[in-house]
Structure formats: structure tokens, C-alpha cells
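This report describes selected residues, helices and internal spaces of one protein model. The sequence and structure come first.

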Amino acid sequence: MSEKVFKLFGGCFFAFFTLVWVGSALYGWYFLEVDVFSVLALAAVMGMIYWLSGQIKSFAPLWIALLGLLPRTLLLGVVGREITQVSDFGAAMEAAQMLPQLGDYFRVFSTWIAHVYYLSLVPSVFFGVCLNGGYAVLSGVLLYWLVLQAGFERRTAVMAALVFLWQPSFLLYTTVLSPEFLHVALGLLAMNLFLLGRKWAGWYPLSGLVLCLSGLLRNVAVIYLIACAIVLLMKWHKRTATGLLVAAVCYLAAMVGFYGAVAHFSGQTIDKSPMAHFLYVGLTDGVWTPETSKYFDYVKESGFDFEQASARLMKELVQERSQGQWLSFWELFVKKTAVCWGNDDYVSFTQNTLSPQAKEKAQLARFFPYIHGYYLVVLLGVVLSALKNKKINMVFFAQVSLVGFTLLMLLSEVQPRYKMVLYPLMAFCGAAAMQALRDNPPRLFRR
């Protein structure tokens with residue numbers, strides 16, 4: 001397939017998904033009471049990011065770290081030290097105190113195991129929240145280096161880092177001890193190491209091991225390997241292909257080794273891939289409900305025979321879908337797209353972690369129009385990157401990763417927060433689009 005034909009096909013394919021994203025976001029924003037304050041604040045913040053990206057000419061990583069640390073310090077000053085954890089995050093904190101015994105729940109939903117082990121090393125909730133802020137700042141610096149390594153201008157790299165670090169929902173989510181923060185930092189580190197492999201091949205296996213650590217916290221990390229393979233098929237490079245193979249082998253070997261070690265030291269069998277649960281939820285109601293959460297009960301009824309429980313649940317899925325007990329696939333996918341891409345509201349999770357006094361002081365819900373508007377602007381930047389990017393490069397890798405995640409969410413359970421792992425790639429695409437617009441502005445704006 002020639003490069004020109006591939007670009008046409010890839011551009012049309014990606015444009016469809018980006019239009020779906022932006023359409024969902026616009027639909028969600030339509031029902032918000034958008035006020036003058038949110039629009040002015042959004043314009044001011046975006047203008048500030050654009051201006052700062054042009055002013056920072058030296059010591060860029062240090063400036064990025066300071067500008068990322070400042071809003072997180074202010075946030076902690078507002079919410080105080082009385083932070084609790086709710087839902088699965090609170091359960092993970094409790095499980096961390098029981099190690100090496102995992103408890104029945106985390107034996108089944110093993111995607112949380114690495115996070116439970118991590119939390120066992122965190123001395124307090126507030127300390128963990130501070131670590132979240134540190135991981136976010138580190139991710140901003142790593143994103144800066146990644147954009148530079150990909151061959152883009154320093155200004156573009158600074159802009160990508162600031163757009164990511166100032167994403168309001170990602171900022172507010174700092175109070176939740178979620179695995180996404182460390183996952184994002186490790187994922188960006190793995191991508192930087194992979195690009196360094198062009199200079200010394202020894203970085204390739206290390207990138208695979210780091211990506212495995214990221215994948216143990218959020219298994220969507222494997223999408224990066226798939227996206228990299230697709231890019232290589234379109235623009236073949238023997239050395240990079242060998243490096244990807246080495247990285248993938250290290251990734252899989254480390255993954256198997258981790259689960260084997262946990263099973264050995266805990267003395268418990270572990271469900272290494274609870275995909276039956278995610279498929280059942282994703283293809284019935286789309287989001288978790290008590291009615292769709294059957295897998296855990298089936299596993300316990302079968303005496304922790306994971307294969308038997310999975311087969312039983314998949315059989316029920318086929319029967320219920322064939323009998324028309326749920327929405328049609330088209331209606332279901334529209335619903336899931338609206339849930340996943342139609343809003344950027346993590347305020348409820350953040351509020352539930354705060355003390356009553358901090359809730360009253362912060363009143364975070366009033367900022368939702370601004371939060372969603374910021375998210376919408378970033379999505380528009382992703383669309384522009386699809387129109388302006390003319391090369392099979394790192395931007396195209398990011399676009400393929402976004403599409404892969406979208407396809408995964410059509411099959412699996414969805415929640416708005418799941419897409420948080422994509423924020424660095426989305427910020428990168430938007431910043432690259434701004435560079436393309438500066439280098440080749442539309443005729444209307446040319447002198």
C-alpha cells in the first residue's frame with residue numbers, strides 16, 4: 001500500500017473517530033449552563049499557555065515542573081490534609097494492609113493487584129496524594145522530552161506539557177489514589193526509552209520492562225505496542241522493528257513473571273485476565289451496574305474456577321443479546337460514546353474524598369463548564385492534528401493509540417475517567433497541530 005493511499009485511508013478513518021469524540025463533547029456541553037466566566041477563563045488559560053510556550057527558552061524542564069507543581073500545591077492548600085478514599089480506591093487501600101493475602105475481590109479483578117502492592121508502600125493517604133502530584137509533574141517533563149525526541153520544536157514540546165499539566169480534571173483527580181498517575185508516568189518513560197533505542201539498542205528491553213510496569217497498573221498500555229507495530233508496518237525500519245520485538249517479549253515475560261510471583265507468595269490462584277466481566281458489562285449495559293456485575297459471584301460459586309465462570313458468563317451474554325434483552329448494538333455504542341467521550345467530569349470523585357469543610361470551601365462543581373470547555377478545546381486540537389499531520393510520525397502513533405482505545409471502549413466497560421490515560425497523547429496532538437498552523441497558516445491569516 002503506497003504512503004499516499006495509506007494517508008488518505010488513515011485520515012478518513014481517524015477523522016470519523018475524532019468527529020464522534022467532538023460531537024459527544026459538544027452534546028454534553030449543550031446541557032451545561034455555560035457562563036461568561038468559564039469562557040473568559042478558558043480563553044485566558046489557553047492564551048497563557050500559548051504565551052508561556054514562546055517565552056520559555058532555557059531550563060524548560062524546570063519551568064514545566066514549577067508550572068505543573070503550582071496549581072497542585074494550591075489545590076492541596078484548599079482541600080487540606082483530611083482526604084479519604086471511596087469506592088474501589090478505598091477497597092484497594094484496605095487490601096494493601098492484608099498482603100500477602102489479596103482477598104477474594106482482587107484475586108478475581110487482578111488488574112488492581114499491582115496498585116494494591118504499590119499502596120502498601122504508601123504511609124498515608126495525604127502522602128499518596130502528594131505522590132500523585134509528583135507523578136503528574138514528572139509526566140509533564142517526560143512529555144516535553146518525548147515531543148522533542150519526536151523531532152518537534154521546543155515551543156511545541158512546552159505547549160504539549162502545559163496543556164497536559166493544566167488539564168483541570170486531571171488536576172482535580174490528584175486527591176484520588178488512582179493507578180492512572182503512575183501508569184501515565186511509566187508509559188511516557190517507556191516511550192522515551194523506546195525512542196532512545198535508535199541511538200543504543202539496550203534501551204529497547206528496558207522500555208518493554210517499564211511499559212510492563214505501566215501495564216500492570218492499567219492494562220491498556222498494550223495499545224502502545226499495537227500502535228507502534230501498525231506505524232512500523234506503514235514505515236518499515238529494520239532496527240526499530242527488532243527493538244519493538246525485543247520490547248514486546250520483555251513486556252510479556254515480565255507480565256507473566258509478576259503474576260506467577262504473586263500467586264506463589266500469596267498462595268492463591270489469580271484470574272490473570274478477567275475479560276469476561278468487562279465484555280459482559282461492555283456489551284450489555286455498557287457501564288457497571290449491580291445487574292451487570294455477575295462475574296465475581298459466578299467465580300465464588302464455582303470455587304474460583306475462572307474458566308468455568310467465564311464460560312458461564314459468556315454463554316449468558318450470547319443468550320441475552322440474541323433474545324434482545326438489551327439495547328441494540330448501535331444504540332449501546334452511542335450510549336457508551338456519550339458516557340466515555342461526552343464529558344470530563346471527575347469532580348464527583350474528588351468531592352467524595354474531601355472533608356465537609358473542604359467541600360464547602362472548594363465548591364468544585366461550579367467549575368464544571370470550564371472543565372468541560374477545556375476538554376473540548378483539546379479534542380478540537382486532536383481533530384486539527386488529523387487534518388494537518390502529513391507524515392507517519394509520532395503524531396500518527398498518538399492518533400492510532402487514540403483510535404485503538406476508542407475501539408476497546410466500544411467492547412469493554414466505560415467510565416469517563418478511563419480516558420485520563422490518553423491526556424498526554426491528546427495534548428501532544430493539539431500542540432503539534434498548533435505548530436503546523438504556525439508553519440503553514442490558513443490563507444485568511446497570511447499577510
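Lysine 335 touches Asp285 and Leu327, residues up to four places away in sequence not being counted. This lysine is placed in helix α17 and is partly exposed, with a relative accessible area of 28%. Between lysine 335 and arginine 72, which are 263 residues apart along the chain, the C-alpha separation is 33 Å. The model is predicted, and its mean pLDDT is 86, with 94% of residues at 70 or more.

Helix α17, residues 329–341, also holds threonine 337. Threonine 337 is buried because its relative accessible area, 14%, is under the 20% cut-off. Beyond its neighbours within four places in sequence, threonine 337 is in contact with Val20, Ser24, Gly342 and Leu410. Helix α1 spans residues 3–30 and has the lowest confidence in the protein, at a mean of 71. Where pLDDT is low, the predicted coordinates should not be read in detail. Confidence is highest in helix α7 (residues 125–149), at 95.

Glutamate 320 belongs to helix α16, residues 306–322. Is glutamate 320 buried or exposed? Glutamate 320 is buried, at a relative accessible area of 9%. Its contacts, leaving aside neighbours within four places in sequence, are Tyr280, Thr284, Lys294, Gln325 and Trp326.

The three residues are set side by side below.

| Residue | Helix | Relative accessible area | State |
|---|---|---|---|
| Lysine 335 | α17 | 28% | partly exposed |
| Threonine 337 | α17 | 14% | buried |
| Glutamate 320 | α16 | 9% | buried |

Two helices, α10 and α11, are considered next. Helix α10 has 17 residues, and its first and last C-alpha atoms lie 24 Å apart, close to the 24 Å expected at 1.5 Å a residue. Of these 17 residues, 15 are buried, so α10 is largely enclosed by the rest of the structure. For α11, with 15 residues, the span should be 21 Å at 1.5 Å a residue, and the end C-alpha atoms are 22 Å apart, which agrees. Buried residues of α11 include Tyr204, Ser207, Gly208, Val210, Leu211 and Cys212. Further along α11, Ser214, Gly215, Leu216 and Leu217 are buried as well. Their cover includes α6 (113–119), α10, α12 and α13.

The remaining topic is empty space. How many cavities of 30 Å³ or more does a search of the whole structure find? The search finds three. The largest cavity contains about 50 Å³ of space, and its lining consists of His183, Val184, Gly187, Leu188, Met191, Tyr224, Val421, Pro424 and Leu425. Helices α10 and α22 are the elements that give two or more residues to this lining, and α10 has the largest share, with five residues. By type, the lining of the largest cavity has seven nonpolar residues, two polar and no charged.

The second largest pocket has a volume of about 1,000 Å³. Its lining comprises 39 residues, and those nearest the pocket centre are Ala150, Ile392, Asn393, Met394 and Val395. At least two lining residues come from each of α10 (180–196), α11 (203–217), α12 (222–234), α13 (238–266), α20 (368–388), α21 (394–411) and α22 (423–439). The lining of the second largest pocket divides into 22 nonpolar, eleven polar and six charged residues. Helix α10 thus recurs: it contributes to the lining of the largest cavity and to that of the second largest pocket.

Definitions and conventions:
Residues are numbered from 1 along each chain as its sequence is written. This is a predicted model: local features need pLDDT of at least 70, side-chain atom pairs count only at pLDDT 80 or more; totals for chains, interfaces and linings use all residues. Side-chain values use heavy atoms; hydrogens and water are left out. pLDDT is the predictor's confidence in each residue, from 0 to 100. Helices (H or I, at least four residues) and strands (E, at least two) are DSSP runs, numbered from the N terminus. On a 1 Å grid over the protein atoms alone, a cavity is a set of points where a 1.4 Å probe fits but cannot get out, and a pocket is an open set with protein on both sides within 12 Å along at least five of seven lines; lining residues have an atom within 4 Å of a point. Grid points are joined across faces, edges and corners, and a volume is the space filled by probe spheres set on the points. Ala, Val, Leu, Ile, Met, Phe, Trp, Tyr, Cys and Pro count as nonpolar, Asp, Glu, Lys and Arg as charged, and the others, Gly among them, as polar. The expected span of a helix is 1.5 Å times one less than its number of residues. Buried means under 20% relative accessible area, exposed over 50%, partly exposed in between (1.4 Å probe, protein chains only). Contact means heavy atoms within 4.5 Å.
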